[in-house]
Amino acid sequence: MSNFFKKAIPDPLKAASCLLVPILLGRFTPSGMTLRQSLVLGSLITVIIWWSTGWVGKITASCTLLAVFLLVGQAPAKTVFSFPLSDNFLLIIFCYLFSRGIENACIAEKTVQPLLFRFAATPIRMVAVVIVFFAATIYIIPQPLARLIILANIVRAHLKKTDVSKEAQSVLLFSVFLFYVIVNMGAMNADIILNTSAVGFASLLMTNGEWMQYMLAPTVVYTLAVIGLFFLVFRKELYGVKLTPCGEADTHREPFTKQEKIVLGIVLGTMLLWMTSSWHGINPTYITLVGTALLFAVGALKKKDLSAIDISTMVFLTAAFCIGSVLKYTGIADVIFSYVGKMFPGRFGFAYLLVIIVITMCMHLVLGSNTTTLSVVLPALMAICGSVMPVQEVFFIAYISLTAHFLLPFHAVSLMIGVGNGYFPSGYATKFGLPMMILIIVGIFLIFLPYWNIVGLI
């Protein structure tokens with residue numbers, strides 16, 4: 001019967017029915033919220049439903065949310081369009097083009113892919129190679145999003161040359177975006193955007209060495225646990241899968257042509273500048289811009305390759321990135337936190353730590369953006385919990401509770417990029433995100449806290 005109604009009710013009618021959410025919130029304004037705040041929150045819930053179901057096109061839904069933030073929320077344009085005004089916006093665009101140039105010149109095919117056919121013959125080996133790549137290129141490609149996009153394109157191109165089913169390919173591509181997040185937990189420099197911002201929000205003085213002292217070893221153990229959960233959740237899709245080359249795939253290393261050698265030189269030079277950016281101080285976005293321009297100059301990129309830039313994803317990211325900032329600007333985040341802040345028990349213990357985790361997760365579900373959630377949660381948690389427990393412990397518990405926590409793609413920029421470019425369906429975020437929430441809690445209590453006790457953090 002339920003399937004009948006799903007087919008009988010057209011998507012436009014379903015989309016229109018979601019408009020009841022802001023109407024009801026505007027009519028029955030929640031305690032502590034103004035009418036304007038209720039309408040903004042209701043509109044956000046509506047658009048999230050549209051994003052999740054596909055009842056409304058991604059660009060239309062995203063533009064609707066941006067219009068509501070500007071007109072109803074009265075947020076400054078600089079706040080609403082913070083993503084297009086940031087270096088990350090240009091960096092992602094240039095990385096799309098730079099990766100397409102690498103693909104056009106067959107650089108990955110002639111260097112990385114023969115190694116993948118040799119060492120990544122099974123799903124577990126492929127996941128291991130992904131993790132090793134992310135860990136090994138932290139200082140080679142210091143810009144985290146560039147690291148992610150380049151590897152994702154390499155893996156996708158490789159999987160297309162295997163006999164693996166489309167479903168298994170999607171699952172393995174999802175693992176790239178998942179373990180990108182997990183690996184970045186081990187060192188502060190692994191994600192120079194999120195990790196360094198988080199330390200600043202907590203008003204802590206912490207070096208990369210101190211971060212690794214507290215996080216590297218337990219993150220390795222935690223990564224093994226996530227690998228186990230990943231293969232448990234996707235056991236049906238990956239059972240018995242072998243990554244064997246399809247009939248026309250050539251697994252041998254072919255010699256480079258003259259033009260391909262020039263492109264390889266440009267790629268290696270760009271990576272060298274990325275790796276040494278802390279020495280010369282050149283913005284990685286400008287480095288990627290110059291590298292992309294050179295690829296156009298030598299013919300590795302042409303006008304038609306501009307199609308590599310996914311416009312719908314960039315519009316989607318523009319709307320998703322500003323959610324937390326707008327909720328903070330309009331005061332909605334403060335209203336929500338005023339309620340959850342009353343959840344702390346009067347005595348320190350297991351329940352007290354659990355409340356920190358739950359509050360961080362709940363705020364993240366509402367705000368979406370990792371950076372904005374930490375900017376709201378960390379100062380408040382430091383003020384509430386700093387006199388009860390070490391501030392470093394408060395910081396890391398909140399950080400771990402958030403970084404690998406997601407139920408929808410908009411809860412993680414890596415997943416937004418993956419879904420937006422069709423690497424895997426959005427449903428994977430929920431399918432894996434729900435059990436991952438349990439693993440986060442278990443991991444904090446059974447992996448991270450015992451280790452911190454050994455090293456003297458607590």
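A crossing of two helices is called right-handed if the near helix is turned clockwise from the far one by less than a right angle, and left-handed if anticlockwise. In the predicted model considered here, helix α11 passes helix α25 in a right-handed crossing. The axes of α11, spanning residues 166-183, and α25, spanning residues 427-455, come within 11 Å and cross at roughly 50°, which makes α11 oblique to α25. On the α11 side the contact is formed by E167, S170, V171, F174, L178 and I182, and on the α25 side by Y428, A429, F432 and M436. Grouped by class, the residues in this contact between α11 and α25 comprise eight that are nonpolar, one that is polar and one that is charged.

A second site concerns D305, which is placed in the loop between α17 (284-297) and α18 (311-321). The relative accessibility of D305 is 5%, and D305 therefore counts as buried, given that the term applies under 20% relative accessible area. Two polar pairings involve the side chain of this residue: the side chains of D305 and R100 are joined by a polar contact of 3.4 Å, while a polar atom of the D305 side chain lies 2.8 Å from the backbone nitrogen of K302. When neighbours within four places in sequence are left aside, the residues in contact with D305 are L97, R100, N104 and A300. R100 thus appears both in this list of contacts and as the side-chain partner of D305 in the polar contact of 3.4 Å.

Definitions and conventions. Residues are numbered from 1 along each chain as its sequence is written. This is a predicted model: local features need pLDDT of at least 70, side-chain atom pairs count only at pLDDT 80 or more; totals for chains, interfaces and linings use all residues. Side-chain values use heavy atoms; hydrogens and water are left out. Axes are lines fitted to C-alpha atoms, for helices over the stretch in contact, and angles run from 0 to 180 degrees between N-to-C directions. Helices (H or I, at least four residues) and strands (E, at least two) are DSSP runs, numbered from the N terminus. Angles under 35 degrees count as roughly parallel, over 145 as roughly antiparallel, 65 to 115 as roughly perpendicular and the rest as oblique. Contact means heavy atoms within 4.5 Å. Ala, Val, Leu, Ile, Met, Phe, Trp, Tyr, Cys and Pro count as nonpolar, Asp, Glu, Lys and Arg as charged, and the others, Gly among them, as polar. Buried means under 20% relative accessible area, exposed over 50%, partly exposed in between (1.4 Å probe, protein chains only). A polar contact is a pair of N or O atoms within 3.5 Å; within protein, one must be able to donate a hydrogen and the other to accept it, and residues adjacent in sequence count only if both atoms are side-chain atoms.
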